[in-house]
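Colleague: Could you walk me through reading charged pairs, helices and odd backbone angles in a model? I'd like the general idea, then the case at hand.

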Amino acid sequence: MTLTKKAEATRQHILDTGHQLVLRKGFAALGLLEILKTCNVPKGSFYHYFPSKEAFGCALLQQYVDGYGRKVDGLQAAEGTGYQRLMRYWDAWIEAPGDAGCGWAEECLVVKLAAEVADLSEDMRLVLDTGVQRLLARIAAWIDEARADGSLPAGAPSLGLAHVLYQMWLGAALLAKLSQDRSSLQQARLATVHLLRCEAAASASSSTPAH
């Protein structure tokens with residue numbers, strides 16, 4: 001569908017407003033009337049851009065996934081070792097670059113919607129899962145890069161380790177939301193450093209002769 005600039009701006013306004021509403025209320029609990037009222041658009045205009053609430057949800061999640069990828073690209077553009085680039089990503093969960101009061105974990109739609117959309121909509125689930133799988137591959141690539149440049153030692157298979165780290169950070173983000181405290185994210189960071197280095201440290205220890 002080709003849109004005029006004005007129509008594209010209206011569609012974007014609906015998506016941006018909807019994003020903030022979904023962060024606060026979730027998707028299922030958010031009614032169409034509330035979206036329309038907050039956006040100040042008539043019902044007919046909404047259906048001009050989105051044939052259903054589910055289609056709106058898919059567009060919202062796709063925009064989030066694409067935008068997240070661009071944020072990660074910007075984060076990784078700075079110089080540094082592979083390890084520094086990897087930890088720069090996790091640090092952004094705690095404190096977003098340029099915003100000490102907010103981390104990426106606080107606005108993560110995977111944290112907010114994963115369990116909900118998995119049961120609610122197969123199309124929405126696929127959008128979110130595709131984005132997550134792409135991110136996991138990138139995390140694994142950063143681990144490989146860090147091992148190749150010597151900033152991390154060899155260890156467990158990178159993709160499996162990426163899964164473990166991401167799962168841990170998702171859990172930490174949920175706890176941080178529940179407690180309104182970032183300490184679980186700080187603990188996840190400490191555990192991340194340990195997991196990235198522990199296997200090589202254990203190997204080195206086992207090879208040291210006993211006295």
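Colleague: Let's start with Lys25 and Glu34: what do their side chains meet in?

Modeller: The general idea is that side chains of opposite charge can pair when their charged atoms come close. Here, in this predicted model, Lys25 and Glu34 meet in a salt bridge, at 2.8 Å from N to O. Lys25 is partly exposed at 38% relative accessibility, and Glu34 is partly exposed too, at 26%.

Colleague: How many salt bridges does the structure hold?

Modeller: Six. One of them joins Glu145 to Arg85, with the closest N and O atoms 3.1 Å apart. Glu145 sits in helix 7 and Arg85 in helix 5 (residues 82–94), so this pair ties together parts that are 60 residues apart in sequence.

Colleague: Is Arg85 buried or exposed?

Modeller: Buried: its relative accessible area is 17%, and the cut-off for that label is under 20%. Its partner Glu145 comes out as partly exposed, at 29%.

Colleague: And what about pairs inside a single helix?

Modeller: An α-helix has 3.6 residues a turn, so residues three or four places apart point the same way. Take Glu122 and Arg125: both lie in helix 7, three residues apart, about one turn of the helix. They form a salt bridge with the closest N and O atoms 2.7 Å apart. Glu122 is partly exposed at 44%, as is Arg125 at 27%.

Colleague: How do I read the rest of helix 7?

Modeller: Begin with its span. Helix 7 covers residues 122–148, 27 residues in total, and reaches 38 Å from its first C-alpha to its last, close to the expected 39 Å. Then look at its buried residues, which include Val127, Leu128, Leu135, Ile139 and Trp142.

Colleague: What happens at the ends?

Modeller: At the N-terminal end, Ser121 acts as a cap, with a side-chain oxygen 3.4 Å from the backbone nitrogen of Asp123. Just after the helix, Gly150 takes a positive phi of about 85 degrees.

Colleague: Which residue has a positive phi although it is not a glycine?

Modeller: Asn40, at about 60 degrees. Look for it in the loop between helix 2 (32–39) and helix 3 (43–49); at 68% relative accessibility, Asn40 is exposed. Gln180 is also a non-glycine with a positive phi, of about 55 degrees. Its place is the loop between helix 8 (158–179) and helix 9 (183–207), and Gln180 counts as exposed at 69%.

Notes
Residues are numbered from 1 along each chain as its sequence is written. This is a predicted model: local features need pLDDT of at least 70, side-chain atom pairs count only at pLDDT 80 or more; totals for chains, interfaces and linings use all residues. Side-chain values use heavy atoms; hydrogens and water are left out. Helices (H or I, at least four residues) and strands (E, at least two) are DSSP runs, numbered from the N terminus. The expected span of a helix is 1.5 Å times one less than its number of residues. Buried means under 20% relative accessible area, exposed over 50%, partly exposed in between (1.4 Å probe, protein chains only). A polar contact is a pair of N or O atoms within 3.5 Å; within protein, one must be able to donate a hydrogen and the other to accept it, and residues adjacent in sequence count only if both atoms are side-chain atoms. A salt bridge is a side-chain nitrogen of Lys or Arg within 4 Å of a carboxyl oxygen of Asp or Glu.
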